[in-house]
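Visitor: Please take a close look at one part of this structure, a single residue and its setting, and then work outward from there to the rest. I would like one connected account, with the values given as they stand.

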Amino acid sequence: MKVTGSEALIKSLLEEGVDTIFGYPGGAIMPIYDALYSYMDKVNHILTRHEQGAIHAAQGFSRVSGKVGVCFATSGPGATNLITGIADAQIDSTPLVCITGQVPSHLLGTDAFQESDVIGISMPVTKWNYQITSSQEIPEIISKAFYIAKSGRPGPVLIDITKDAQFSDLNFKYKRCEKIRSYHPYPILDENKVSDAAELIDKSKRPMILVGQGVLLSNAEKELIEFSEKSGIPMASTLLGLSAVSCNHKNYVGYLGMHGNYGPNVKTNECDLIIAIGMRFDDRVTGDTSKYAINAKVIHIEIDPSEIDKIIKTEVAINADAKEALINLIPKIKKRSHEGWINEFKECDKLEYDKIIDKEINNKEDKILMAEVVNKISNLTKGNAIVVTDVGQHQMVTSRYYKFNKPNSNITSGGLGTMGFALPAALGSKIGKKSREVIAIIGDGGIQMTIQELATISQYKIGVKILILNNNFLGMVRQWQELFFDNRYSFTEMENPDFNVISDGYRIKNNIVERKKDLDDAIEEFINFKGPYLLNVIVEKEENVFPMVPSGESVSNIRLE
Amino acid sequence: MKGKGIYQVKGSEKKVKEYTLSVLTEDKAGLLNHITIIFNRRKMNIKSLNVSTTEVNGVSRFTIVVNSTKEKIIKILNHINKLIDVLGAFLYEENEIYFQEIALYKLSTKIFMKGDIVEKIIRKHGAKILEIEEEHTIIQKTGSKKETQNLYNDLDKFGGILEFARSGRVALSKKKRKTINFLKELEKTKSNKLNI
């Protein structure tokens with residue numbers, strides 16, 4: 001069947017099961033948009049208001065649904081506007097296929113209008129990229145793109161298509177890619193390593209499981225619980241691992257890292273064995289690596305061989321998919337219990353509760369604290385919502401206080417720490433999982449980085465709830481300035497616009513809470529409303545997030561105040 | 001050492017040594033850039049680089065020489081192995097490979113007129129006269145960097161070196177392996193899909 005390159009692209013996407021595209025048209029991608037016009041009944045295209053919005057939306061969509069997120073952008077500025085999202089998806093292992101238009105091939109390298117070397121620019125931040133200059137290549141390259149994006153450790157793929165390739169004809173035939181000889185996404189599990197790991201696990205006295213996003217990406221939630229329950233080993237979660245385990249599970253001991261819970265951080269240096277599953281020992285988790293896990297042997301279950309021994313030396317490395325590794329590991333370990341050890345975590349929890357949590361969630365002061373807002377939302381939604389956060393204090397507070405109960409519910413920019421992520425990611429998340437409540441929790445700084453996406457939410461009536469925790473500060477930077485830069489608040493205070501007037505302008509229902517007594521009712525209305533809703537909560541201006549492991553210090557030095 | 005897959009170092013090897021990486025890749029545009037940015041990101045200088053075809057059609061070989069600790073270079077190697085179009089990256093120390101570089105020396109032909117001393121030097125070093133022109137003469141020497149440098153130093157005493165160029169290292173492993181068999185192994189593996 002003879003079709004144009006553009007039509008071949010749309011047909012290829014349909015072959016891959018794509019039903020949603022986030023994008024923004026422009027000159028060099030117009031033939032593709034023209035082809036899309038004929039397929040409107042088969043594929044839903046969401047027009048965002050900025051390419052960065054499109055890619056973060058695709059990320060949110062992917063992370064809640066497990067599908068590959070797809071976005072379109074034009075050449076030049078359209079393509080460069082995707083880069084932040086691509087880098088974010090790369091470091092947080094999110095499968096994306098980004099399609100960018102490119103100037104006609106005879107103009108490549110001539111500084112033509114809206115030409116940028118997006119292949120060169122995106123090289124260090126994509127899992128794979130490729131420039132198509134002939135329409136003949138389209139089906140094969142698109143099938144490769146999807147295979148690479150979603151297999152193994154997932155990541156973003158960028159395909160740049162010159163305008164002439166979009167226009168010219170080809171005979172369309174599609175075959176799904178199943179193999180690339182130079183690419184081996186699923187390492188063969190080494191049974192001996194599994195046995196070595198089982199031996200260490202059976203001998204350990206104070207073991208601890210570190211749950212990373214790899215558990216979610218490999219759908220190993222059930223196996224993880226089985227492993228923890230059989231071995232009796234407590235589980236702590238990284239930021240991106242949150243929601244893999246229900247926060248209510250008896251073996252769940254909390255959140256790791258710089259603003260994580262007290263117990264899992266201090267116990268890192270008291271445990272004798274770490275079983276790290278699908279996580280990469282980010283510096284926000286480890287603090288000073290020379291003083292990390294000082295008494296522990298480390299078992300690392302990790303699909304990406306380049307992550308093994310990258311930061312922390314392992315005793316046993318199981319280079320495999322997390323689910324596959326756990327399925328093989330569970331029958332090899334003994335049934336045990338570590339009640340005494342788990343109780344030590346509970347004692348830490350009590351200390352943290354008395355020193356921090358109690359004062360925050362039962363705050364008697366008139367000013368509203370971020371923690372009490374998040375806690376109320378967590379209780380009201382019973383931990384069942386998808387929570388999308390931006391970057392900063394509100395993100396850390398949400399990670400600490402939202403009690404996730406269902407997998408794939410914590411959508412946040414972890415590795416890259418991209419402010420502006422939450423609003424577009426939330427709209428993408430809602431489209432990816434329409435049946436679930438999606439709540440975006442965003443600071444007053446972050447929302448202004450992608451605030452234009454309120455228009456997208458309004459146009460498509462995407463029922464996301466948007467909570468602004470508004471302290472008129474870039475709060476996390478201010479906190480560091482207070483603690484480590486001698487209170488020199490260099491350019492962190494903001495005179496904000498009236499977010500409610502802005503929300504009115506976008507025709508999104510909204511409310512503002514300034515007084516504590518209005519908070520409960522406002523949150524209830526916010527949660528129960530059907531449709532998009534923006535709630536602007538004015539919180540304490542100079543609140544600090546604790547506990548805190550100061551940057552570059554040992555996790556043992558976690559500060560409670 | 002194997003190509004794709006996991007490389008681990010036991011203990012911590014902090015000694016800086018010369019390492020040769022031999023990277024087999026699909027013959028794709030842009031790969032050189034892909035590989036060099038991995039070094040650049042970690043601020044590691046490449047001492048020598050050579051890209052060439054291999055005996056297998058469509059397969060290229062990158063030979064890269066660096067000074068590094070084993071720990072550092074293994075992290076880089078693992079990253080190179082992660083590139084989609086890389087078939088396999090191999091790490092070698094000097095005693096594990098046959099390797100050569102080639103150097104060309106452009107000398108003023110006049111210095112040959114000063115008796116046979118220059119000729120003796122060339123003979124001593126096992127170098128070869130490639131071309132004699134009225135103005136200049138081209139000498140060619142293959143060997144290790146040290147050997148080509150020794151010849152340079154000897155010739156330099158006469159002040160007649162007009163231009164000098166040295167190639168990147170080319171190296172082949174002392175192992176029995178054949179590229180084609182390595183590729184066959186790659187194609188046989190079941191690591192293309194999840195086996196559960």
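Guide: B:Lys43 is exposed, because only 6 other C-beta atoms lie within 10 Å of its own and a residue with 12 or fewer falls in that class. The model is a predicted one. B:Lys43 sits in the loop that runs between α1 and β2 (48–53) of chain B. Its phi is near 55°, a positive value in a residue that is not glycine. For background, most residues other than glycine have a negative phi, and most peptide bonds are trans.

Chain A holds a residue to set beside this one. A:Ala293 also has a positive phi without being a glycine, here about 50°. A:Ala293 too is a loop residue, placed between α13 (283–286) and β13 (297–302) of chain A. The surroundings of A:Ala293 are another matter: 23 C-beta neighbours lie inside 10 Å, so A:Ala293 counts as buried, whereas B:Lys43 is exposed. A further backbone feature of chain A is the peptide bond from A:Phe546 to A:Pro547, which is cis, with omega near 0°. A:Pro547 belongs to the segment after β20 (533–538) of chain A.

Back in chain B, the assignment gives domain 1 (17–92) and domain 2 (99–166). Taken over C-alpha atoms, the centres of these two domains of chain B are 31 Å apart. B:Ile64 offers a buried residue in chain B to compare with the loop lysine. B:Ile64 is part of strand β3 (residues 59–68) of chain B, and its 26 C-beta neighbours inside 10 Å make it count as buried. Apart from neighbours within four places in sequence, B:Ile64 is in contact with B:Leu21, B:Val23, B:Ile46 and B:Leu49. The C-alpha atom of B:Ile64 is also 8.0 Å from that of B:Gly168, a residue 104 places away along the chain.

What does chain B use to touch chain A? The contact takes 29 residues of chain B and 28 residues of chain A. On the chain B side, α1 (31–41), α2 (70–82), β4 (86–92) and α5 (179–188) each supply at least two residues. By class, this side of chain B has nine nonpolar, eleven polar and nine charged residues.

The partner, chain A, has 23 helices and 20 strands. The radius of gyration of chain A is 24 Å, close to the 24 Å that the globule rule gives for 561 residues, so chain A is as compact as a globular protein of that length. Along the principal axes, the C-alpha atoms of chain A fill a box of roughly 70 × 60 × 40 Å. Of the 561 residues in chain A, 58% are buried. Counting contacts in chain A between residues at least 6 apart in sequence, 78% join residues at least 24 apart.

Chain A is assigned domain 1 (2–171), domain 2 (191–344) and domain 3 (363–538). The centres of domain 1 and domain 2 of chain A, over C-alpha atoms, are separated by 36 Å. Five residues from domain 1 and five residues from domain 2 of chain A make the contact between them. The domain 1 side of that contact has one nonpolar, two polar and two charged residues.

Some helices of chain A can be described one by one. Two packed helices are described by the angle between their axes and the distance between the axes. The axes of helix α1 (residues 5–15) and helix α7 (residues 138–150) of chain A come within 9 Å and cross at roughly 35°, and the crossing is right-handed. On the α1(A) side the meeting residues are A:Gly5, A:Ala8, A:Leu9, A:Ser12 and A:Leu13, and on the α7(A) side A:Ile138, A:Pro139, A:Ile142 and A:Ser143. By class, this contact has six nonpolar, three polar and no charged residues.

Two further helices of chain A are largely enclosed by the rest of the structure. For α17 (residues 393–401) of chain A this follows because nine of the nine residues are buried; among them are A:His394, A:Met396, A:Arg400 and A:Tyr401. For α18 (residues 422–432) of chain A it follows because eleven of the eleven residues are buried, including A:Leu423, A:Pro424, A:Lys430 and A:Ile431. A:Lys430 is thus a buried lysine, whereas B:Lys43, the lysine at the start of this account, is exposed.

Note on methods
Residues are numbered from 1 along each chain as its sequence is written. Chains are lettered from A and ligands numbered from 1 in the order in which they are written. This is a predicted model: local features need pLDDT of at least 70, side-chain atom pairs count only at pLDDT 80 or more; totals for chains, interfaces and linings use all residues. A residue is buried if 20 or more other C-beta atoms lie within 10 Å of its own, exposed if 12 or fewer, and partly exposed in between; C-beta atoms are placed from the backbone. Helices (H or I, at least four residues) and strands (E, at least two) are DSSP runs, numbered from the N terminus. Domain bounds come from an automatic or database domain assignment. The radius of gyration is taken over C-alpha atoms; the globule rule is 2.2 Å times the number of residues to the power 0.38. Two residues are in contact if their C-beta atoms, placed from the backbone, lie within 7 Å. Ala, Val, Leu, Ile, Met, Phe, Trp, Tyr, Cys and Pro count as nonpolar, Asp, Glu, Lys and Arg as charged, and the others, Gly among them, as polar. Axes are lines fitted to C-alpha atoms, for helices over the stretch in contact, and angles run from 0 to 180 degrees between N-to-C directions. A crossing is left-handed if the near helix is turned anticlockwise from the far one by less than a right angle, and right-handed if clockwise.
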